[in-house]
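Open the model in your viewer and keep the selection panel handy. We will go from stop to stop, and at each one you will hear what to select and what is there.

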Amino acid sequence: MPSSPSVRAPAVVLLAVLPGALLPAPAAQAASRTVQGGRLDWGIRSSFQSYVTGPVAQGSWSLTGGAATVGGSQFRFHSATGSYDPGSGAFRAGFSGGVHFVGHRQADGGHELDLTISRPTVRIESGTGTLYADMAGKERGSGRVTTSSQVPLATLGLSGIDMRGGSTPVSLVGVPATLTPQGASAFAGYYAAGTPLDPVSLSVDTNAPAAAKTTKSPQPSPSPSATRKKESAARVEDAAVDWGVRRTFREYVTGSVGRGRWALSGGAQDGGAVFRFPQGKGTYDAGSEKLEAVFAGAVRFTAADGLDLRLAGLTARVSSGTGTLLADVTRGGATEKAVPLVTFAAGGLAPEDGLAVLTEAPATLTAEGAKAFGSLYRAGTEMDPVSLAVALDAKAELPALPDLGTGADPSDAPATHSAGTPAARPAAAESGSRTPLAVGGGAAIAAAVAAVLYAARRRRARNT
């Protein structure tokens, strides 16, 4: 049974300190805002992860519902929805995705440890914060399966944080979390109430209530013959390819070993577990399901060990039920064009209502791809699956990407990791004034304020 406490990082609110004359009056911010888009990063409990995958439990974990990983030990939940009241500071944000842990394999093929944590929700009201989640698992010892919706899993340490007066995005970094009695029960009895969990970080977008939408008169549907004509057209109106490269590769790059990052450019988008390369242009033969499409965007991976790998100009080729994903690969300052990175199963890429979709097709690394990755992986290695969406009609909508919001990545914020460091308090709050959560007032100002808070925390740590 795991017992080592996880390291507790101090709570940080990203603040933009603006001249007093520029601060909006509280009354002007009183209207409740909707939360639409954003992410929550949480490792649940790092020592529990180590226990599950270690020599005792000999288990594993898997991601569900589009959840992803960031760094070496955090899970990223996406597509926040909820509400925020700048006047009272009341805040609610629910996120999508989950994590499934299994361990202690049994003779019948099942597992004694079988726990799923999904759909985390953060609620803050009157200075009190709670993290809820859907929980499903086996009781320790009895093996009885229990399923509970939105269990109050952890209390959040919000000392010194004033949630009132914020704009958008709203970001919290490194908020301490403590297991509740209900959470201890839902956690299959592996930990007692009061056990420290990993700190929680989040960043969400908020929008003013939208005006009522006018209802458009329904348009007549095209005739079947017109639809067939569109679907047989050779030109691709729009397309996107979603590919995460390889989960363990991303974890290596951003984890404690690689100590690196990835950067997207040219319109590429981060969906947490995948990168989306959009604006696909090319040709598609609906009869033979043959595709040739080039996509916009690039991703560049860098790490402390000298890794510098850029993938751009992604191209998808599909023929006879087999697909190949190619890219222009830049490594060590040299670029090689149209390198076939992975092959994937592409049967069934048939159009329906002007849209042809292929979802999470298993992908395998090619010999050329293995070379592009500096022989980190052998040819034939399983890579992340490939998803394709090809619009043959200008009105067809591509599948939505998980919404991570537009704010700064909470995992990039400076933080100390010394156990016992008191939670950081906003500088203005220490003098009794109310400090807004105006995280969206300019990157340069926010970065400067974050640096000031970081220095203040270091001074406090030295004096503790």
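Start by selecting strands E19 (residues 298–302) and E20 (residues 308–319), which pair in the antiparallel sense over five bridges. Strands here, like helices, are DSSP runs (E, at least two residues, for strands; H or I, at least four, for helices), numbered from the N terminus, and two strands pair if DSSP finds at least two bridges between them. Show Arg-300 and you will find Arg-310 of E20 standing opposite. Now follow the chain from E19 to E20: the two form a hairpin with five residues between them, and Gly-306 in the turn has a positive phi of about 100°.

Add strand E14 (residues 261–265) to the selection; E14 runs antiparallel to E19, and five bridges join them. To see one facing pair, pick Ser-265, which stands opposite Ala-298 in E19.

A word on what you are looking at: this is a predicted model, in which local features need pLDDT of at least 70 and side-chain atom pairs count only at pLDDT 80 or more, while totals for chains, interfaces and linings use all residues. Residues are numbered from 1 along each chain as its sequence is written, and side-chain values use heavy atoms, with hydrogens and water left out.

Zoom out and colour by secondary structure. The protein chain has seven helices and 25 strands. Of its 464 residues, 46% are buried, where buried means under 20% relative accessible area, exposed over 50%, and partly exposed in between (1.4 Å probe, protein chains only). Among contacts (heavy atoms within 4.5 Å) with a separation of 6 or more, 66% are between residues 24 or more positions apart.

Next, turn on a surface and find the second largest pocket, with a volume of about 780 Å³. Of the 34 residues that line this pocket, Gly-66, Ala-273, Val-274, Glu-360 and Pro-385 are the closest to its centre. On a 1 Å grid over the protein atoms alone, a pocket is an open set of points where a 1.4 Å probe fits, with protein on both sides within 12 Å along at least five of seven lines, and lining residues have an atom within 4 Å of a point. Grid points are joined across faces, edges and corners, and the volume is the space filled by probe spheres set on them.

Which elements each supply at least two residues of this lining? Select strands E3 (60–64), E13 (238–243), E24 (355–365) and E25 (382–391), together with helix H4 (247–254). E25 gives the most, with seven residues. Colour the lining by class and you get 18 nonpolar, eight polar and eight charged residues. In this scheme Ala, Val, Leu, Ile, Met, Phe, Trp, Tyr, Cys and Pro count as nonpolar, Asp, Glu, Lys and Arg as charged, and the others, Gly among them, as polar.

Stay with two of those elements. In H4, click on Glu-251: is this residue buried or exposed? Glu-251 is buried, at 16% relative accessible area. Beyond residues up to four places away in sequence, Glu-251 touches Trp-61, Thr-69 and Gly-71. In E3, pick Leu-63, which counts as partly exposed at 26% relative accessibility. Its contacts, leaving aside neighbours within four places, are Ala-68, Thr-69, Phe-75, Gly-98, Val-99 and Arg-247. Draw a distance from Leu-63 to Gly-98: their C-alpha atoms are separated by 5.9 Å, although the two are 35 residues apart along the chain.

From there, select helix H1 (residues 46–53), whose buried residues are Ser-47, Phe-48, Gln-49, Tyr-51 and Val-52. Their cover includes E3 and strands E5 (74–84), E7 (98–105) and E8 (111–125).

For a fully covered residue, go to Ala-133 in strand E9 (residues 128–138), where the relative accessible area is 0%. Ala-133 touches residues including Ile-117, Arg-119, Ser-149 and Leu-153.

Finish with some backbone details:

- Thr-168 and Pro-169 are joined by a cis peptide bond, with omega about -5°; Pro-169 is in the loop between strands E10 (145–156) and E11 (170–179).
- Ser-79, in strand E5, is a residue other than glycine with a positive phi, near 55°.
- Ala-338, in strand E22 (residues 334–345), also has a positive phi, near 45°, and is partly exposed at 41%.
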